[in-house]
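Colleague: I am new to reading protein models. Could we walk through one together?

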Amino acid sequence: MCGIVAYIGEREAYPILIKGLQRLEYRGYDSAGVALVSNRLNVYKSKGKVADLVALAGQSDRTGTVGIGHTRWATHGEPNDINAHPHYSGSRKTVIIHNGIIENYASLKAELKNRGHVFESDTDTEVLVHLIEDIQQREGVALDEAVRIALNNVVGAYAIVILNEDNPDELIAARKSSPLVIGVGENELFVASDATPIVEYTKNVVYLDDEQVAVLHRNGKYHIRTIHNKEITPYIQELQLQLEAIEKGGFDHFMLKEIWEQPRSIKDSMRGRLNSTEGVVALGGIREYMNKFVNADRILIVGCGTSWHAGLVGEYLFEDLARIPVEVEYASEFRYRNPVIGEKDVVIAISQSGETADTLAAIELAKSKGATIFGVCNVVGSSIARATHAGSYTHAGPEIGVASTKAFTAQVTVLTLMALMLGHRRGTITETHYFELLSELEAIPAKVERILKLNDQIRYLAGIFKDARNFLYLGRSYTFPVALEGALKLKEISYIHAEGYPAAEMKHGPIALIDEEMPVVVIATKGASYEKVVSNIQEVKARKGKIIAVVTEGDEAVKGMADHVIEIPETDEKLAPLVTVIPLQLLAYHIAVMRDCNVDQPRNLAKSVTVE
Ligand code: G6P
């Protein structure tokens with residue numbers, strides 16, 4: 001949540017900041033702002049998107065070769081112009097941008113008010129910049145030292161960048177629990193929440209660690225120390241990110257591009273890890289912990305949103321193939337409910353961004369109880385990837401659309417590889433079935449490719465159902481999590497109320513909602529529960545619900561009952577989530593487009609939820 005970008009060097013900062021903010025808008029888009037120093041400090045900020053900020057800044061003085069920019073997802077204080085970042089210190093000489101939450105801001109604010117500070121906004125961020133200036137004045141120290149001292153008094157999470165009017169040759173950046181990366185160019189430096197604003201200028205980056213403060217100079221030099229005053233030798237990494245990966249590449253929306261990328265992204269999640277002829281699954285990232293994994297008493301899976309849905313698929317896979325008991329938990333519940341965790345438990349934390357605050361906290365809790373923690377993350381070098389003992393990246397490439405698509409299929413692919421590997425090692429899966437599943441998994445990308453060809457049919461269905469007020473999604477066994485995911489996609493981007501349910505459980509509630517107005521998406525592909533799902537379809541039909549069924553190619557039985565069928569290629573039911581989710585992603589996408597919704601940036605949501 002909240003995007004940060006900053007620049008210091010020889011170029012004009014404003015265009016770099018605006019372009020960077022546009023790239024970071026997926027992190028939040030309640031308001032946006034920039035601060036630049038040329039002859040004086042100029043701050044422009046506005047409610048709404050980066051486009052609104054550009055309109056506001058208009059023809060005003062936007063010059064300056066140093067500047068900071070912010071796009072906000074509101075936590076403290078409603079999203080309005082005043083609460084937008086950057087925020088001024090009391091003297092209006094220093095400005096700050098911030099991602100995170102200062103949890104003890106209320107007590108700090110009260111203390112500062114007692115000392116005569118006056119606040120303009122309702123934000124925790126403004127408190128921090130006042131605190132910094134207060135320390136600077138009271139203790140007569142330099143700004144960077146005041147920042148360091150202030151951060152020792154702060155409880156919470158922060159990624160901050162600070163700029164001072166009187167010292168435009170310096171920027172100060174710091175982080176704790178919210179990501180921040182420094183781009184190191186020739187006589188210029190960048191700071192951002194992720195590398196996307198940086199990649200076109202330099203490939204050399206330094207990821208700040210928790211409780212580190214960096215001072216960036218105009219000549220391209222920078223120094224890092226911890227808030228406890230320990231010098232740090234920076235580790236410069238080369239970015240692997242390609243510019244094309246973060247651009248729309250001819251698609252109308254990132255979400256559509258990302259749906260379309262799935263044949264490749266699924267392949268990338270398996271690349272170098274699967275040899276179906278030799279029967280080898282190799283996950284290098286967890287190799288060292290293989291014994292722990294194979295002998296685990298229990299697997300706990302934690303995640304949020306779509307990642308939690310992928311975790312549910314993981315539960316079915318691990319129990320089915322490896323016969324290890326699994327529990328899947330919302331990270332936000334797990335972290336606060338005093339769970340029983342033992343040293344023989346393996347916890348798998350799933351997260352596209354690798355920055356989700358609740359998932360990160362769940363990891364810390366499980367770690368403190370001695371469990372072994374694996375990460376299944378998409379963003380390389382992210383906080384979760386670094387906080388875990390080991391892990392397997394999903395390698396789906398950057399996902400920009402707020403509604404997760406290719407990250408889900410990549411997560412499920414990695415979990416499938418893990419479950420197959422574990423089942424094989426534990427001898428809980430027959431050799432024949434193991435080999436069958438490996439080659440079936442390899443065949444999935446081509447099947448997804450074929451499903452994407454149904455785009456026109458699905459767009460047509462979207463046209464029929466776009467005005468529905470409610471949707472029900474039903475699945476059973478491996479496709480139950482897909483029903484949840486299909487419903488989540490629709491509500492996230494089209495604002496139509498949708499519920500995912502286990503098909504049989506429908507009888508215990510949602511069936512009361514069914515009438516001729518209610519579209520019911522049923523995943524009825526071939527598998528052990530097929531006959532049961534067919535019965536559930538009849539139950540819906542008897543109540544006049546409109547059935548859109550996702551079926552296996554050639555299925556005649558359901559065709560005779562459903563109002564519409566989407567026929568997809570056959571696969572083993574254990575791999576069904578990877579194919580059945582694709583038409584549901586497309587259905588949600590087209591409905592949202594037809595309803596004129598902002599597909600890539602749905603209201604109130606953010607891609608990376610770095611607050612609890
Ligand atoms: C937000 C995003 C979702 C995502 C969830 C978990 O809600 O909008 O798309 O599934 O966070 O994020 P993570 O990065 O941990 O997978």
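Colleague: How many residues surround the ligand, and which are the closest?

Modeller: First, keep in mind that this model is predicted. To read a binding site, list the residues with a heavy atom within 4 Å of the molecule. Here 13 residues surround the ligand. The closest are S307, S351, Q352, S353 and T356.

Colleague: Which polar atoms of the protein pair with oxygen atoms of the ligand?

Modeller: Look for N or O atoms within 3.5 Å of each other. In the side chain of S307, an N or O atom is 2.5 Å from a ligand oxygen. T356 places a polar side-chain atom 2.4 Å from an oxygen of the ligand. A606 uses its backbone: a polar atom there is 3.0 Å from a ligand oxygen.

Colleague: How much of the ligand's accessible area does the protein cover?

Modeller: On its own, the ligand has 380 Å² of accessible area. The protein covers 91% of that.

Colleague: Now strand β23. Are its residues mostly buried or exposed?

Modeller: Buried means under 20% relative accessible area. In β23, residues 470–475, 5 of the 6 residues are buried.

Colleague: Which strands pair with β23?

Modeller: Check the bridges. β24, residues 497–502, runs parallel to β23 and is joined to it by 6 bridges. In that pairing, N470 stands opposite H497. β25, residues 519–524, also pairs with β23 in the parallel sense, over 3 bridges. There, L472 has V520 as its bridge partner.

Colleague: What lies on the path from β23 to β24, and which hand does the crossover have?

Modeller: Follow the chain. From β23 it passes through helix α16, residues 480–494, and on to β24. This β-α-β crossover is right-handed.

Key:
Residues are numbered from 1 along each chain as its sequence is written. This is a predicted model: local features need pLDDT of at least 70, side-chain atom pairs count only at pLDDT 80 or more; totals for chains, interfaces and linings use all residues. Side-chain values use heavy atoms; hydrogens and water are left out. Buried means under 20% relative accessible area, exposed over 50%, partly exposed in between (1.4 Å probe, protein chains only). Helices (H or I, at least four residues) and strands (E, at least two) are DSSP runs, numbered from the N terminus. Two strands pair if DSSP finds at least two bridges between them. A crossover is right-handed if, with the strands pointing away from the viewer, the path from the first strand over the helix to the second runs clockwise. A polar contact is a pair of N or O atoms within 3.5 Å; within protein, one must be able to donate a hydrogen and the other to accept it, and residues adjacent in sequence count only if both atoms are side-chain atoms. Accessible areas come from the Shrake-Rupley method with a 1.4 Å probe; for residues, only the protein chains shown count as cover.
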